[in-house]
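Reader: Could you take me through one part of this model closely, namely how its open sheet with parallel pairing is put together and what packs on it? I would enjoy a connected account.

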Amino acid sequence: MSNAPAPFSPVTSLKLFNSLTRQLEAFEPVHAGEARVYSCGPTVYNYPHIGNMRAYVFADVLGRTLSFKGYKLSHVINITDVGHLTDDADAGEDKMEKMARAEARSIWDIAEHYKQAYWADVCALNIRQPARWTVATDYVPQMIEFAKSIADKHCYELDSGLYFDVSTVADYGRLARAHTDDGEGRIEAVEGKRNAADFAIWRKTPPGEKRQMEWDSPWGPGAPGWHLECSVMSGEVLGFPFDIHTGGIDHREIHHPNEIAQNQAFCCTNGLDLPANSGAKIWMHNNFLVERSGKMSKSSGEFLRLQLLIDKGYHPLAYRMMCLQAHYRSELEFSWDGLAAALTRLKRLVMAVEELNANASEPRPGQSEWWKEPFVRFDNAISDDLNTAVALTCMEEIVALKKQNRGERVVAVLEMDETLGLGLRHLSRADLRIRPKGVETTEAEIEAILARRKEARAAKDFARSDALRDELTAKGVDVMDGDPLGWEWKLA
Ligand code: AMP
Ligand code: ZN
């Protein structure tokens, strides 16, 4: 669109909530003009549930916002394929090994299978590909080097592994607002640990055993600890200190305080009054997606995977819409009604863009003054710690500005959507109508019966019209007479 009006240049300063200081802070990059972001990624031992995916929708909106603000974004998401125990602290067994045993497959197979499943969900939710995916098992030599460099001053060896002594760094646990001595209850005792919160950075393979994934190290064969992995991959790729580290709110309690402690040890930095001493200037955490009946738990049989939503006839971007409607720091309750409402909202937008495009006049170069005001409000909202809920309404207002040039309205909506990521440029009404699993009827069949029903109604043959409706109901099709969105039918 060469004639398109000049894009809007954001002017508001970006403020983000730093979990470390529990305050909103202006984003000031470590390297001028750049934004370096690390997001804790999935442990690929099982399918992600939609709660996990909320964490990546949030990280994606953050990345898109930084791009909108003109920063050159370097975003890294890791894939954990070793070292994450069934308990975030040191208790339990490796999640990957446990699943490999349950499914009687090799860990490498398990990792590959669930990595692909995760990538499919990333694509379906319009999460942009980060600059780099880092896979933990690719970085083991660097993890060993990192551990060697901090071992003398900060670690001690037990039979089970090399442990980090949390009393050797200043302000341990500040992120969680916890103290080393609060840790008794939350961390299973390991005999010989100096402090309850001490954690293994290298887990030795017990004598006489062989793990599927193990490496030689100065402390014997074994595997890296999960916290060590993220410290190493973030520091290696982005360099300490980098700008922003993200994760779900559960990571605020154990995983990230432990990463911070390692980063302090590695960088020889002191207390956390200076947030950058933690290895990143800003630590951000999304709140949880919750579901009352426990369907979020991966151990609950049919748990809430994105594919389940699709199987029930919901477009995956309806779930993205659901996430955008809430602030990332608020708990979000999942319900099917809520998802249906989000889908309806998405349909309205898609139809509006289709309709604007179908009847668009050319945008008028240099005539786009009218959109400054809604764009400033959009900019203010997204700059206010990513207030996507308000930003969405700014986008919808543009659609509704009936007096304005249609071509310009489309340009403005699509530009805002670059940040929100609903993919309105490519989505069509037809895409949103997803066939629930098990429904066999084809669209041609449905349209043919509907056409006969229309004829019957035109001829005032209501008995026949009702019979045809019943026929459709039996095929799992809801007829939607008088639907305000002009949707004539949907698959039930
Ligand atoms: P995991 O694969 O278990 O390491 O989790 C991947 C990401 O999902 C992490 O950032 C978690 O903090 C996050 N997470 C886990 N459960 C939820 C949930 N119910 N809602 C939102 N984020 C979650
Ligand atoms: Zn991590």
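Author: Happily! In this predicted model, five strands make an open sheet, ordered β5-β4-β3-β10-β11, and their pairing is parallel. Strands here are DSSP runs of E with at least two residues, helices are runs of H or I with at least four residues, and both are numbered from the N terminus; two strands pair if DSSP finds at least two bridges between them. At the edges stand β5 (132–135) and β11 (280–286), each with a single partner strand, so one side of each has no neighbour in the sheet. Direction ignored, neighbouring strands are turned by 20 degrees against each other on average. Angles run from 0 to 180 degrees between N-to-C directions, with axes as lines fitted to C-alpha atoms, for helices over the stretch in contact.

At the β5 edge, β4 (residues 72–79) pairs with β5 in the parallel sense over four bridges, and Ile79 stands opposite Val135 in β5. Helix α5 (residues 226–238) packs on the sheet and touches β3, β4, β5 and β10, where contact means heavy atoms within 4.5 Å. The direction of α5 makes about 160 degrees with that of β3. Helix α1 (residues 50–68) lies across β3 (34–39), β4, β10 (242–248) and β11, and runs at about 135 degrees to β11.

As for conventions, residues are numbered from 1 along each chain as its sequence is written, while chains are lettered from A and ligands numbered from 1 in the order in which they are written. Local features need pLDDT of at least 70, side-chain atom pairs count only at pLDDT 80 or more, and totals for chains, interfaces and linings use all residues, while side-chain values use heavy atoms, leaving out hydrogens and water.
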